[in-house]
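Biologist: Before I rely on any of the labels attached to this chain, I would like to hear the reasoning behind them. Could we go through them one at a time?

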Amino acid sequence: MELVRTVAIGLASALLLGASPAPRTVWLGSWAASQQTPEPNNALPDADLSDATLRQVVRLSTGGRHLRVLVSNAFGTAPLRVDAAHVARAGSGARIVPGSDRALTFDGAATVVIPAGAGYWSDPVALDAPALASVAVSLYLPTAPKGQTSHPGSRATSYLVHGNHAGDPALRDPQTVDHWFQLAGIAVESPDAGARAVVTLGDSITDGHGATTNGNDRWPDLLANRLQAVAGTRPVGVLNHGIGGNRLLSDGLGPNALARFDRDVVAQPGVRYVIVLEGINDLGTLTRDAPVTPEAHAALVARMIGSYRQIVARAHAAGIKAYGATILPDGGSSYYHPDARNEADRAAVNAWVRTPGHFDAVIDFDALMRDPAAPTRLRKAYDSGDGLHPSPLGYRAMADAIPLALFR
């Protein structure tokens, strides 16, 4: 009680003397990746992750002078032990910028044991990390995870060596792999009380299939570039929660959108907006292996719309604005080989997304990306070549089409 009284008297005295209170800061998500169980061809052998240092490079959206790192054991079946963790400005390859290395702690300790199914934020650490800077997170695992937690579609190269080399300026002769493991997020401390984040919730088109490895040219990356170029939107972080093969209704590659919504959207630091671009895999898998009845087509459309309604309701309950993106054309896809009935399903879903009053705003990627001469197909200049995923030029067009006023 005496401590409370002393603090209160001190604060009152400071106000009477005209002293300004300390500026309020906000912890804001600057980078994130959705977590899943990696499929066998994307998992690492246990021997590779035993007595191993993983150095993983990610690019921030917003910057800050203090940051925290989220280590994930979301899909582990036993506690995960991390015996050392470091963060630094990324140099070339497996190198870090000299003098930038910082050891991370968890509750003041250098080691942490993360329960199965959980994530764990590090303590704040001082590191000058400007907006759009690349940082390297190094984790030393004494034993391999029991059930790996991963983001296979990193489009970024990670580095692996044996032994504890988390603080080394460079890793010697590392094994390379284009996936992320056990790494889920980075938050920065922003001095702007209005700092806020947008989550891009989607599938491989949001995850960046067809983008350049280590090029940071997915459409969420390019949206971050645009936000940083305008003073009024620089405090907006962009968190890419796309998963290749993801669906609204069923688990595929990663949990379905409704199952992961709380972890990937609501729990993100500072989130104020979500852009939803999901559904092409629900539409495509319906008939990929065999035709279905008209009733099955109608039921899928109804269930997809129901899922959108759930997303909007759950976003609004958390104080988040939900922006709906129309589903891109896939008429040139040899993987899904859609017919007229599939196209009618896509048109029906997009019509619902476009209807005022359903989402807080609409981003019409379909109108932007379709070929005017063949509206069921992607524009040739925007097609990566598979008729389904955009090219880097297509991703740039998508990012450029998003009104920045949505985030002001």
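Modeller: Let us begin with a definition: the expected span of a helix is 1.5 Å times one less than its number of residues. This is a predicted model, and its helix H6, residues 294-317, has 24 residues, for which the expected span is 34 Å.

Biologist: What distance does H6 reach from its first C-alpha to its last, set against the span expected at 1.5 Å a residue?

Modeller: H6 reaches 35 Å, which is close to the expected 34 Å. Just after H6, Gly319 takes a positive phi of about 75 degrees.

Biologist: Which residues of H6 are buried, and what do they pack against?

Modeller: The buried residues are His297, Leu300, Val301, Met304, Ile305, Ser307, Tyr308, Ile311, Val312 and Ala315. In an α-helix, residues three or four places apart point the same way, because there are 3.6 residues a turn. The partners of the buried residues of H6 include strand S16 (196-202), helix H4 (257-266), strand S18 (271-277) and helix H7 (340-354).

Biologist: Why is Ala32 called buried?

Modeller: The label buried requires a relative accessible area under 20%, and Ala32 has 4%, so Ala32 is buried. Ala32 is found in strand S1, residues 26-32, and, leaving aside neighbours within four places in sequence, Ala32 is in contact with Ala184, Gly185, Leu239, Asn240, His241 and Gln268.

Biologist: Why, then, does Leu393 count as partly exposed?

Modeller: Exposed would need over 50% and buried under 20%; Leu393, at 48% relative accessibility, therefore counts as partly exposed. Leu393 lies in helix H9, residues 392-400, and touches Ala381 and Tyr382 when residues up to four places away in sequence are not counted.

Biologist: Turning to the whole chain, how many helices and strands does the chain have, and what makes the chain as compact as a globular protein of that length?

Modeller: The chain has nine helices and 22 strands. Its radius of gyration is 22 Å, and the globule rule gives 22 Å for 408 residues, so the chain is as compact as a globular protein of that length. Buried residues make up 52% of the 408 residues.

Biologist: What share of the contacts with a separation of 6 or more comes from residues 24 or more positions apart?

Modeller: Such residues account for 80% of those contacts. As for the surface, the chain exposes about 16,700 Å², of which carbon and sulfur atoms supply 55%.

Terms used:
Residues are numbered from 1 along each chain as its sequence is written. This is a predicted model: local features need pLDDT of at least 70, side-chain atom pairs count only at pLDDT 80 or more; totals for chains, interfaces and linings use all residues. Side-chain values use heavy atoms; hydrogens and water are left out. Helices (H or I, at least four residues) and strands (E, at least two) are DSSP runs, numbered from the N terminus. The radius of gyration is taken over C-alpha atoms; the globule rule is 2.2 Å times the number of residues to the power 0.38. Buried means under 20% relative accessible area, exposed over 50%, partly exposed in between (1.4 Å probe, protein chains only). Contact means heavy atoms within 4.5 Å. Accessible areas come from the Shrake-Rupley method with a 1.4 Å probe; for residues, only the protein chains shown count as cover.
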